[in-house]
Amino acid sequence: MATDIKKCIDNMDIKSFQDDLIGWFVSEQRELPWRKDQDPYKVWVSEIMLQQTRVDTVIPYFNRFLENFPTIEALAYADEEKVLKAWEGLGYYSRVRNLQSAVKEVNEKYSGRVPDSPKEISALKGVGPYTAGAILSIAYGKPEPAVDGNVMRVLSRILLIWEDIARPASRKIFETAVRELISHENPSYFNQALMELGALICTPTSPSCLLCPVREHCEAFHEGVQNELPVKTKKKKQKNVQLAAGIFSDGEGRILIRKRPGTGLLANLWEFPTVELSLDFQRQRDQLAEHFEENYSLAPKIGDSIGEIDHVFSHLVWNIQVFSGQITGEISETPQLKLVTEKEIKEFAFPVPYQKMLKQYLEYKKADQP
DNA sequence: GAGTCGTGGTT
DNA sequence: TAACCAAGACT
């Protein structure tokens, strides 16, 4: 650790810092569904859901997920389609695939008990350095660091750490600092309090220093540089991708859907057949038709353009032209290609852009055929 | 280390 | 409004 950070910690009254921080958490913490007990499974599920996701977004998903899959065993034996459906709309879908995979491993290898050693828990799929520390401290009371974005922001201010927190290597500096600072009497509350402070007081912009329970311990506050920290370099802009999608129905009004590949973007979710357009926007219908001919030997009658969907991902932007159409020929359904009714379609997990597309289609159909 | 992987809220 | 952001992990 850099000598100036070490010096900063040496000059701090650590016991007083812990007491102020934990005391604040005891009285000011939010009531959250995953804080009702310390069931390692519930802590685990909540931590996976909370990765890069806001608390308010997670709450309803967490409650529903635990109603559907109350225990390790329930999730281990659950139908993968139903698990994905429960995650629909939460994003970062590999999280739930890894979670179920890891839960199966815990069920078999550890008799359904979540391991409590750093080595074993870190070996589980989807459990990285942060999640391992969070589960170990919150569920098992182990004094392990759980360094997320909140913790890096809070500690960068308290300890005046000028490292770029966008660099993956920076996390270790903060883990070292937490090992020096963490309360061994209550590691769970210490870690949670750092994150709660980051969420409620020590916010990215305009932190509420006058309400902060540990401002007396904060170097950035003393120096008046809390708005200059943390240092975080910007990310690059997303790339634009042009797509055409077809919502095609057969003679009985059933809609053609297909399952996306098991890896990559939106893996294993369902979609309406979609093609990436090769920068020839005038031939959208042709490219869509060619795609169907080549992949399914189908020649759908492509009808009206229903509309346009713009969807922003972390690293790219989709612009989708949506077409309706009719399927005339015989269609051989496979596990990846299905014809479903408007009622049945509710059982399949769709990414948000396709949910919007379906809504547009149903409104279009209602308006077209009163 | 840099790119991949969602979505919705905030500034 | 475009950029930024939110309890990261994996390749």
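Q: Which helices each supply at least two residues of the surface near DNA strand C?
A: In this predicted model, 24 residues lie around DNA strand C, and those that come nearest are Gln52, Gly126, Asp148, Asn150 and Pro204. Sugar and phosphate account for 65% of the atoms of this strand that come within 4 Å of the protein. The elements that each give at least two residues to the surface near DNA strand C are helix 3, helix 9 and helix 10 (149-158).

Q: How many charged residues does the surface near DNA strand C have?
A: A polar side-chain atom of threonine 131 lies 2.8 Å from a phosphate oxygen of DNA strand C, and a backbone N or O atom of glycine 149 lies 3.3 Å from a phosphate oxygen of that strand. By class, the surface near DNA strand C has nine nonpolar and seven polar residues, while the number of charged residues is eight.

Q: What is the distance from a base nitrogen of DNA strand C to an N or O atom in the side chain of arginine 30?
A: The contacts of threonine 131 and glycine 149 with DNA strand C each involve a phosphate oxygen. For arginine 30, the partner on DNA strand C is a base nitrogen, and the N or O atom in the arginine side chain is at a distance of 3.5 Å.

Q: At what angle do helix 3 and helix 9 pack?
A: Pro40, Val43, Trp44, Glu47 and Ile48 of helix 3 meet residues of helix 9 that include Tyr130, Thr131, Ala134 and Ile135. The residues of this contact divide into 10 nonpolar, one polar and one charged. The crossing is right-handed, and the axes of helix 3 (residues 40-50) and helix 9 (residues 129-140) are 9 Å apart, at an angle of about 145°.

Q: How many of the 11 residues of helix 3 are buried?
A: The buried residues of helix 3 include Tyr41, Val45, Ser46 and Met49, and the buried residues of this helix pack against helix 4 (55-68), helix 5 (72-76), helix 6 (80-87), helix 7 (94-109) and helix 9. Helix 3 is therefore described as mostly covered, where buried means under 20% relative accessible area. Of its 11 residues, the number buried is 10.

Q: Which residue just after helix 3 takes a positive phi?
A: At the start of helix 3, a side-chain oxygen of aspartate 39 reaches to within 2.9 Å of the backbone nitrogen of tyrosine 41. Just after the helix, a positive phi of about 60° is taken by glutamine 52.

Q: Which elements give two or more residues to the surface near DNA strand B?
A: A base nitrogen of DNA strand B is 3.0 Å from an N or O atom in the side chain of threonine 53, and a polar side-chain atom of arginine 54 lies 2.9 Å from a base nitrogen of DNA strand B. A polar backbone atom of leucine 266 is 2.4 Å from a phosphate oxygen of DNA strand B. The elements that give two or more residues to this surface are strand 5 (301-312) and helix 15 (352-368).

Q: How many charged residues are there in the surface near DNA strand B?
A: Of the 21 residues around DNA strand B, those that come nearest are Tyr93, Lys236, Leu266, Val312 and Ser314. Of the atoms of DNA strand B within 4 Å of the protein, 64% belong to sugar or phosphate, and the rest to bases. The residues of the surface near this strand divide into 11 nonpolar and eight polar, with the number of charged residues being two.

Q: Is lysine 259 buried or exposed?
A: Lysine 259 lies in strand 2 (residues 255-259), and its side chain makes a polar contact of 2.7 Å with the side chain of glutamate 81. Leaving aside neighbours within four places in sequence, lysine 259 is in contact with Glu81, Asn268, Leu269, Trp270, Pro335 and Gln336. Because its relative accessible area is 17%, and the cut-off is under 20%, lysine 259 counts as buried.

Q: What is the relative accessible area of threonine 203?
A: Threonine 203 sits in the loop between helix 12 (187-200) and helix 13 (219-223), and a polar atom of its side chain lies 3.4 Å from the backbone oxygen of serine 206. Not counting residues up to four places away in sequence, threonine 203 touches Arg153, Arg157 and Gly198. Threonine 203 is buried, and its relative accessible area is 18%.

Key
Residues numbered from 1 in each chain as written. Chains lettered and ligands numbered in written order. Predicted model: local features only at pLDDT ≥ 70, side-chain atom pairs only at ≥ 80, totals over all residues. Heavy atoms only, no water. Axes fitted to C-alpha atoms, helices over the stretch in contact; angles between N-to-C directions. Helix = DSSP H or I, 4+ residues; strand = E, 2+ residues; numbered from the N terminus. Left-handed = near helix turned anticlockwise from the far one by under 90°. Contact = heavy atoms within 4.5 Å. Nonpolar A, V, L, I, M, F, W, Y, C, P; charged D, E, K, R; others polar. Near = heavy atom within 4 Å. Polar contact = N/O pair within 3.5 Å; in protein donor to acceptor, adjacent residues only side chain to side chain. Buried < 20%, exposed > 50% of the residue type's maximum accessible area, 1.4 Å probe, protein only.
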